[in-house]
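Please open the model in a viewer and set the side chains to be shown as sticks. The tour below proceeds from one selection to the next and concerns salt bridges.

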Amino acid sequence: MATVTFSAAGDLLYAYLAGEIDHDAAQNLRIQLDDALLARTPKTLVLDLGGVGFMDSSGVGLILGRQRCARSLGGTLRIQHAPEQLRRVLRLANIPCTDAGQEE
């Protein structure tokens with residue numbers, strides 16, 4: 001089961017994801033993330049994947065959908081602590097990844 005916790009800092013909204021993100025978990029996370037985006041309309045949504053132990057293609061779809069949602073609200077999406085394999089996919093989708101304070 002995956003969870004998300006939120007933390008706001010100025011124009012940033014941090015979403016800390018943890019657990020295993022499969023089809024069922026992605027649906028639940030999508031609802032929570034979209035609700036937070038609509039309620040707070042941050043300039044940047046930061047998805048922190050440091051606590052994610054497993055992610056299938058539903059998780060990738062979750063990320064791509066949040067990028068679209070953030071853009072439709074005038075914001076951007078940034079990813080933290082993504083595994084290298086996911087970073088390659090995110091680069092193709094033009095989604096920036098940040099780790100240890102360094103942006104790609």
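In what follows, buried means under 20% relative accessible area, exposed means over 50%, and partly exposed lies in between. The model is a predicted one. A search of the whole structure finds three salt bridges, and each is visited in turn.

Select Arg-30 and Asp-34 first. Their side chains form a salt bridge, with an N to O distance of 3.8 Å. Both residues belong to helix H1 (residues 23–40); because they are four residues apart there, about one helical turn separates them. Arg-30 has a relative accessibility of 30% and therefore counts as partly exposed. Asp-34, at a relative accessible area of 15%, is buried.

Keep Asp-34 selected and add Arg-66. Here the side chains meet in a salt bridge at 2.5 Å, N to O. This pair connects distant parts of the chain, since Arg-66 lies in helix H2 (residues 57–72) and Asp-34 in helix H1, 32 residues apart. Are these two partners buried or exposed? Arg-66 and Asp-34 are both buried.

Next, move to Arg-91 and Glu-84. Their side chains meet in a salt bridge of 3.0 Å, again given from N to O. Arg-91 is partly exposed, its relative accessible area being 42%; Glu-84 is likewise partly exposed, at 41%.

Finally, display Arg-30, Asp-34 and Arg-66 together. Which feature joins these three residues into one network? They are joined by salt bridges that share partners; Asp-34 meets Arg-30 in one salt bridge and Arg-66 in another.

Terms used
Residues numbered from 1 in each chain as written. Predicted model: local features only at pLDDT ≥ 70, side-chain atom pairs only at ≥ 80, totals over all residues. Heavy atoms only, no water. Salt bridge = Lys/Arg side-chain N within 4 Å of Asp/Glu carboxyl O. Helix = DSSP H or I, 4+ residues; strand = E, 2+ residues; numbered from the N terminus. Buried < 20%, exposed > 50% of the residue type's maximum accessible area, 1.4 Å probe, protein only.
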